[in-house]
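Got the model open? Let's go through it by question and answer.

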Amino acid sequence: MGENITLGDIVYWFFRLNGCFTIRNFVIHPERRGSQRTEVDLLAVRFPYREEIGMQDHEIFVKEKTQLFIVEVKSTDKFGDFNEATIRNLDEIIKRVGFVKRNEIREVVDTLRTRAFWEDGNKVKRIDLMDSVKSL
């Protein structure tokens, strides 16, 4: 009792209650010795055919695509101001998660940096950079 609920908790439960598999505080360590490169506040994966009786999914979820959300939790009202280390290390984040083939990573990262989302042409996968303030 008396536990404080954080913005991070709210964001986590939003994705969890909308049928996502989630990982909090996904740390990207360097391949050699040294301190961490960055930390993703939340990774969430949602599969396209998820159903739960009586539950209406939020509009950010796309039907017919597996979605990976790279979520930054922040309490400011400025959208799109992602952690610089996260943006700088998007290629490593995408590589470590393994959501796309290695030869697609550069295109995916370039697209994420300009549009904040990427979709493949086969209606199979989508990656979204999510800012907890604008998105929720």
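Q: Is Arg-50 buried or exposed?
A: The cut-offs first: buried is under 20% relative accessible area, exposed is over 50%, and partly exposed is in between (1.4 Å probe, protein chains only). Arg-50 comes out at 13% relative accessibility, so that residue counts as buried.

Q: What kind of model are we looking at?
A: Residues are numbered from 1 along each chain as its sequence is written, and side-chain values use heavy atoms, leaving out hydrogens and water. Local features need pLDDT of at least 70, side-chain atom pairs count only at pLDDT 80 or more, and totals for chains, interfaces and linings use all residues, because the model is predicted.

Q: Which residue forms a salt bridge with Arg-50?
A: Side chains of opposite charge can pair when their charged atoms come close. Here, a salt bridge is a side-chain nitrogen of Lys or Arg within 4 Å of a carboxyl oxygen of Asp or Glu. With its closest N and O atoms 3.7 Å apart, Arg-50's partner is Asp-57.

Q: How many residues apart in sequence are the parts that Asp-57 and Arg-46 tie together?
A: Asp-57 also has a salt bridge with Arg-46, where the closest N and O atoms are 2.5 Å apart. Asp-57 sits in the loop between S2 and S3 and Arg-46 in strand S2, so the separation in sequence of the parts they tie together is 11 residues.

Q: What is the relative accessible area of Arg-46?
A: Its partner Asp-57 counts as buried because its relative accessibility is 18%. Arg-46 is buried as well, with a relative accessible area of 1%.

Q: Where is Val-62, and how far is its C-alpha from that of Arg-46?
A: You'll find Val-62 in the loop between S2 and S3, and it counts as partly exposed because its relative accessibility is 22%. If contact means heavy atoms within 4.5 Å, then, leaving aside neighbours within four places in sequence, Val-62 is in contact with Gln-67 and Arg-126. Val-62 and Arg-46 are 16 residues apart in sequence, and their C-alpha to C-alpha distance is 9.1 Å.

Q: What is the overall pattern of helices and strands in the protein chain?
A: Helices (H or I, at least four residues) and strands (E, at least two) are DSSP runs, numbered from the N terminus. There are 5 helices and 5 strands to place. Along the sequence they read α-β-β-β-α-α-α-β-β-α.

Q: Which element supplies the largest share of the largest nonpolar core?
A: Such a core is a set of buried Ala, Val, Leu, Ile, Met, Phe, Trp, Tyr and Cys residues joined through side-chain atoms within 4.5 Å. This one has 19 residues, and Ile-70, Leu-90, Ile-94, Val-100, Val-108, Leu-112 and Ile-127 touch the most other members. Strand S1 (21–28), strand S2 (38–46), strand S3 (66–72), helix H3 (90–97), helix H4 (105–115) and strand S5 (125–131) each give at least two residues. The largest share, 4 residues, is from H4.

Q: Which residues of H3 are buried?
A: Their cover includes S1, S2, S3, helix H2 (84–88), H4 and S5. Just past the helix comes Gly-98, with a positive phi near 80°. The buried ones in H3 are Leu-90, Glu-92, Ile-93 and Ile-94.

Q: Which residues are joined into one network by salt bridges that share partners?
A: Within helix H3, Arg-96 and Glu-92 are 4 residues apart, about one turn, and their side chains meet in a salt bridge (2.9 Å, N to O). Arg-96 counts as partly exposed because its relative accessibility is 31%, whereas Glu-92 is buried at 10% relative accessible area. The network is made of Lys-65, Glu-119, Asp-120, Arg-126 and Asp-128.

Q: Which residues of H1 are buried?
A: Helix H1 covers residues 7–17 and contains Ile-10. Just after H1, Gly-19 has a positive phi of about 85°. The buried residues of H1 are Asp-9, Val-11, Tyr-12, Phe-14 and Phe-15.

Q: What percentage of the residues in the protein chain count as buried?
A: For contacts in the chain with a separation of 6 or more, 56% are between residues 24 or more positions apart. The chain has 136 residues, and the share that counts as buried is 41%.
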